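Open the model in your viewer and keep the selection panel at hand. The tour goes stop by stop: what to select, then what is there.

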Amino acid sequence: MSSDHISATIKSSVKNALRKVGRRPEARRLSRVMGLTARPGSLNVGVSDIPVPGTVAVYFGDGADKIYQVTQWLPVLEELHAKQEVLLVFRTLSAFKAAEKFTDLPKIYIRRFSDLMDLYDDNELKLVIYTNNSRTNFQSLDHPRLVHVHVNHGESDKLSMVSNKAKAYDKVFVAGPAAIKRHEAMLIDFDHSKLEVTGRPQLDIDFKPELDPSDKLDVMYAPTWEGENEDNNYTSLDKYGVSIVEALLANPNWRVIYKPHPRIQTSKNHGVAQAHSRIMELIAIANESGADHVISEQGNILAMFESTDALITDVSSVGLDYLYLHPANPLVISDRRTNREILHRDAPIAKACHVIDRDSVLNVREVLNDALVHDRHKEQRLEMRKFYFGELSRGDSTKRFQQVIERLIDERQSKLQNFRGWHS
């Protein structure tokens, strides 16, 4: 009996066994390893030698669950597109499809690393923008001709805002003096000349209001999510959220706007999910009795700020965005660790706010009344705005963002005379 016949017989036996197992993942993986089934051909479609227009690429390597990290930049990128053609580059099909709902900017899905390098090398792209620190960013960073710029997806005092990965990018765009100090404190042997102050161009956009104004004091409670790990967990939701909302609902002169982080809706954290559900229930009960409180799980928070008189939030970009746009309005920050010294060190904005922690939540009604009605921190917040954003006024950030991108492109082009190229 020939070896080929023996091999075919073994494969036939295994194939019959796998057929009995069914379509479980382990069966499919073994089938592929043995060559019994092929991967879908569509996954191996390349992009070599296909001309793609664009000067600035916006690279996103994660899935649709993190698409908010791109969408908050879309209005800024759409304005940039009028001056520098923008191309959105996705590495997962789910994110590519999700983006179609949010923008008409040109977009492309690239699965393989070799195709990504071909895309960069065969076209006129000159600069790449990164909105997060995805592991796949390092595949894109492998191309030496383009300028690689990290912009992050917000400005906050969270630990995740400063990453050692910043060393890999050509430039890191930051909002202002506070972000510079954050990098100085957190990174060792970092070239601080990489930092470019560009403000917060997202906050220059005039959004269509998503909230109808009311004749009451409109107070937004906007908790962040629980983060990837405990060090990056800043949410107040599981610890103080229900108490905060109960205190707000108790005052008939206040309208509650509940705007949780987009990832809270699908949180697997029991305490967060339970508190979120209870708050939704409390607001629904109040509205059944004639109130007009608002729940917005997926709305644009920046489009709600204009109709908001005060904000209660956590250490996150939300509080700083509100500080930039409405520094004169009351702002309350939470501290889930109840350590005022560390809070003031890591989140200086807390020095200019009332703080809700394990101790103050016991008197949360009095704390909120003092913060929202008397607001003795107003002057401190006006000074704190300068610390985070310098002297930038609304509109200045967009101009600076576009100017810096144009300058970086020009500087890089002047250095490419002897560049050999990826395919050379």
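Select Arg263 first, in the loop between E9 and H10. Keep in mind that this is a predicted model. Is Arg263 buried or exposed? Arg263 is buried, at a relative accessible area of 17%; the cut-off for buried is under 20%. Now show what surrounds the side chain and backbone. Beyond the neighbours within four places in sequence, Arg263 is in contact with Asp65, Lys66, Tyr68, Trp225 and Glu228. Add Gly227 to the selection: its C-alpha atom is 9.4 Å from that of Arg263, with the two positions 36 residues apart along the chain.

**The whole chain**

Zoom out. The protein has 15 helices and 13 strands. Of its 424 residues, 52% count as buried. Take the contacts between residues at least 6 apart in sequence: 68% of them join residues at least 24 apart.

**H9 and H10**

Select H9 and residues 270-288, which are H10. How do the two helices lie against each other? Their axes are 9 Å apart and the packing angle is about 10°, so H9 and H10 are roughly parallel to each other. Show the side chains at the contact. From H9 come Leu237, Asp238, Gly241, Val242, Val245, Glu246 and Leu249. From H10 come Gly271, Val272, Ala275, His276, Arg278, Ile279, Leu282, Ile283 and Ala286. Colour this contact by residue class: 10 are nonpolar, 3 polar and 3 charged.

**H13**

Keep H9 on screen and add residues 364-374, helix H13. Its buried residues are Val364, Val367, Leu368, Ala371 and Leu372. They span an arc of only 105° around the axis, which places them on the same side of H13. What do these buried residues pack against? The partners are helix H9 and the strands E8, E9, E11, E12 and E13. Select 217-222 for E8, 254-258 for E9 and 310-313 for E11. Then take 331-334 for E12 and 354-356 for E13.

Turn the view to the other side of H13. Arg365, Glu366 and His374 are exposed there. Step just past the helix to Asp375, which has a positive phi of about 45°.

**Two more positive phi angles**

Most residues other than glycine have a negative phi. Two loop residues are worth selecting with that in mind. Go to Asn152, in the loop between E5 (147-150) and E6 (171-174). Asn152 is not a glycine, yet its phi is positive, at about 60°. Asn152 is buried, with a relative accessible area of 8%.

Next pick Asp189, in the loop between H8 (177-186) and E7 (195-197). Asp189 is not a glycine either, and its phi is positive, at about 55°. Buried or exposed? Asp189 counts as exposed, at 76% relative accessibility.

**H11 and H14**

Select residues 317-325 for H11 and 378-389 for H14. The axes come within 9 Å and cross at roughly 110°. H11 and H14 are therefore roughly perpendicular to each other. The crossing of H11 past H14 is left-handed. Which residues meet here? Leu320, Leu323 and Tyr324 of H11 meet Arg381, Met384, Arg385, Tyr388 and Phe389 of H14. By class, this contact has 6 nonpolar residues, no polar ones and 2 charged ones.

**H4**

Move to residues 74-81, helix H4. Show Leu74, Pro75, Val76, Leu77 and Leu80, the buried residues of H4. They pack against three strands and two helices, which you can add by range. The strands are E1 (56-60), E2 (86-90) and E4 (127-130). The helices are H3 (68-71) and H15 (396-413).

**H6**

Leave E1, E2 and E4 visible for the last stop. Select residues 113-122, helix H6. How many of its 10 residues are buried? The count is 7, so H6 is largely enclosed by the rest of the structure. The buried residues are Asp115, Leu116, Met117, Asp118, Leu119, Tyr120 and Asp121. They pack against E1, E2 and E4, and also against E3 (107-109) and H7 (137-140).

Technical notes: Residues numbered from 1 in each chain as written. Predicted model: local features only at pLDDT ≥ 70, side-chain atom pairs only at ≥ 80, totals over all residues. Heavy atoms only, no water. Axes fitted to C-alpha atoms, helices over the stretch in contact; angles between N-to-C directions. Helix = DSSP H or I, 4+ residues; strand = E, 2+ residues; numbered from the N terminus. Parallel < 35°, antiparallel > 145°, perpendicular 65-115°, else oblique. Left-handed = near helix turned anticlockwise from the far one by under 90°. Contact = heavy atoms within 4.5 Å. Nonpolar A, V, L, I, M, F, W, Y, C, P; charged D, E, K, R; others polar. Buried < 20%, exposed > 50% of the residue type's maximum accessible area, 1.4 Å probe, protein only. Arc of directions from axis to C-beta.
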